[in-house]
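Colleague: I've just pulled this one up and would like a walk through it. Start with how you name things, please.

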Amino acid sequence: MNDIKLALLGSEGAGKSAVLVRFLTKRFIGEYASNANSLYHKRLSIDGRQLNLEVFDPCSQSGESRCILEEPVDWADGFVVVYTISDRTSFLNAKNILAQIKESRRETCKGEVPICLVGNKQDLCHSRQVSEVEGRSLAQENKCLFQEVSAAENYLEISNLFTKLIRHVMEQLKLRGDRRRYSGSKSMAKLINNVFGKRRKSV
């Protein structure tokens, strides 16, 4: 059984938790504000391989909150960075988050860092502030996967993007061969359990 660890990052109001819960349960939860960090766990099968998936969903990040990113960046094998197409500020914050991930992992990760940039709330095209071209261009600059989605309307697109990202993570883990975890792994587990409270959720 392979262990895959993902971190979900994005601004408040971007709908990152809605994207995640849509993937895990196929249900749309609507918008809600959370001031707590959550660790979700799910078993799934991809390409005939059984996987243990853990997804860390921390409090929403502003563009300035480097400290919030440090532990998830060390812990995760891959990242989902979410912004909303109807809020340019969330897009700029996503750009900052991508830069922080790249900077933090430059020395510890050889090869590409598996990341998927997600433009959420595609159903709000009437109030779009970020074009699809801009999102795709930012993803190309950072060598990320890219997808615009609507957590409210489309489960399949969200499922596909997570599947693509997990496949990319598996390829990178295979390239690293020994599958050694980063030094932050154990401290991250302690941080989640002791500081953030035991909010481990199985779905």
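Modeller: Helices are DSSP runs of H or I with at least four residues, strands are runs of E with at least two, and both are numbered from the N terminus. Keep in mind that this is a predicted model, where local features need pLDDT of at least 70, side-chain atom pairs count only at pLDDT 80 or more, and totals for chains, interfaces and linings use all residues. Residues are numbered from 1 along each chain as its sequence is written, and side-chain values use heavy atoms, with hydrogens and water left out.

Colleague: OK, how many helices and strands does the protein have?

Modeller: There are six helices and seven strands. Going from the N terminus, the order is β-α-β-β-α-β-α-β-α-β-α-α-β.

Colleague: And what pLDDT does the protein average?

Modeller: The mean is 82, on a scale from 0 to 100 that gives the predictor's confidence in each residue. At least 70 is reached by 74% of the residues. Residues 63-67 are a weak spot, with pLDDT below 50. In the model that stretch has six contacts (heavy atoms within 4.5 Å) beyond near neighbours in sequence. Residues 181-198 also stay under 50, and there the model has 28 contacts beyond four places in sequence.

Colleague: Good to know. What share of the residues counts as buried?

Modeller: Of 203 residues, 52% are buried. Buried means under 20% relative accessible area, exposed means over 50%, and partly exposed is in between, using a 1.4 Å probe and protein chains only. As for contacts between residues at least 6 apart in sequence, 73% of them join residues at least 24 apart.

Colleague: Let's get to packing. At what angle do helix 1 and helix 5 pack?

Modeller: About 90°, with the axes of helix 1 (residues 16-25) and helix 5 (residues 155-176) 9 Å apart. Axes here are lines fitted to C-alpha atoms, for helices over the stretch in contact, and angles run from 0 to 180 degrees between N-to-C directions. So helix 1 is roughly perpendicular to helix 5. The naming goes like this: under 35 degrees is roughly parallel, over 145 roughly antiparallel, 65 to 115 roughly perpendicular, and the rest oblique.

Colleague: Which residues in helix 1 and helix 5 meet?

Modeller: Val19, Leu20, Arg22 and Phe23 from helix 1 meet Tyr155, Ile158, Ser159 and Phe162 from helix 5. The contact of helix 1 with helix 5 has six nonpolar residues, one polar and one charged. In that scheme Ala, Val, Leu, Ile, Met, Phe, Trp, Tyr, Cys and Pro are nonpolar, Asp, Glu, Lys and Arg are charged, and the others, Gly among them, are polar.

Colleague: How do the axes of helix 3 and helix 4 cross?

Modeller: At roughly 10°, and the axes of helix 3 (residues 88-105) and helix 4 (residues 132-141) come within 11 Å. That makes helix 3 roughly parallel to helix 4. Arg88, Phe91, Lys95 and Leu98 on the helix 3 side meet Glu134, Gly135 and Leu138 of helix 4. By class, the contact of helix 3 with helix 4 has three nonpolar, one polar and three charged residues.

Colleague: Back to helix 5. Is Leu165 buried or exposed?

Modeller: Leu165 is buried, at 0% relative accessibility. Leu165 sits in helix 5 and, leaving out residues up to four places away in sequence, touches Leu6, Phe79, Val80, Pro114, Ile115, Cys116 and Leu145. Val169, also in helix 5, is buried at 1%. With the same sequence exclusion, Val169 touches Ile4, Leu6, Asp77, Gly78 and Pro114.

Colleague: You mentioned Cys116. Why is there no bond to Cys144?

Modeller: Because the sulfur of Cys116 is 8.0 Å from the one in Cys144, its closest cysteine sulfur, which is too far. A disulfide is a pair of cysteine sulfur atoms within 2.5 Å, and the whole structure has zero. Cys116 is buried at 2%, and Cys144 is buried at 14%.

Colleague: Last topic, backbone. What is phi of Lys121?

Modeller: Near 65°, which is positive in a residue other than glycine. Most residues other than glycine have a negative phi. Lys121 lies in the loop between strand 5 (115-120) and helix 4 and is buried, at 16%.

Colleague: And where is Lys143?

Modeller: Lys143 is in the loop between helix 4 and strand 6 (145-148). Phi of Lys143 is also positive, about 55°, but Lys143 is exposed, with a relative accessible area of 58%.
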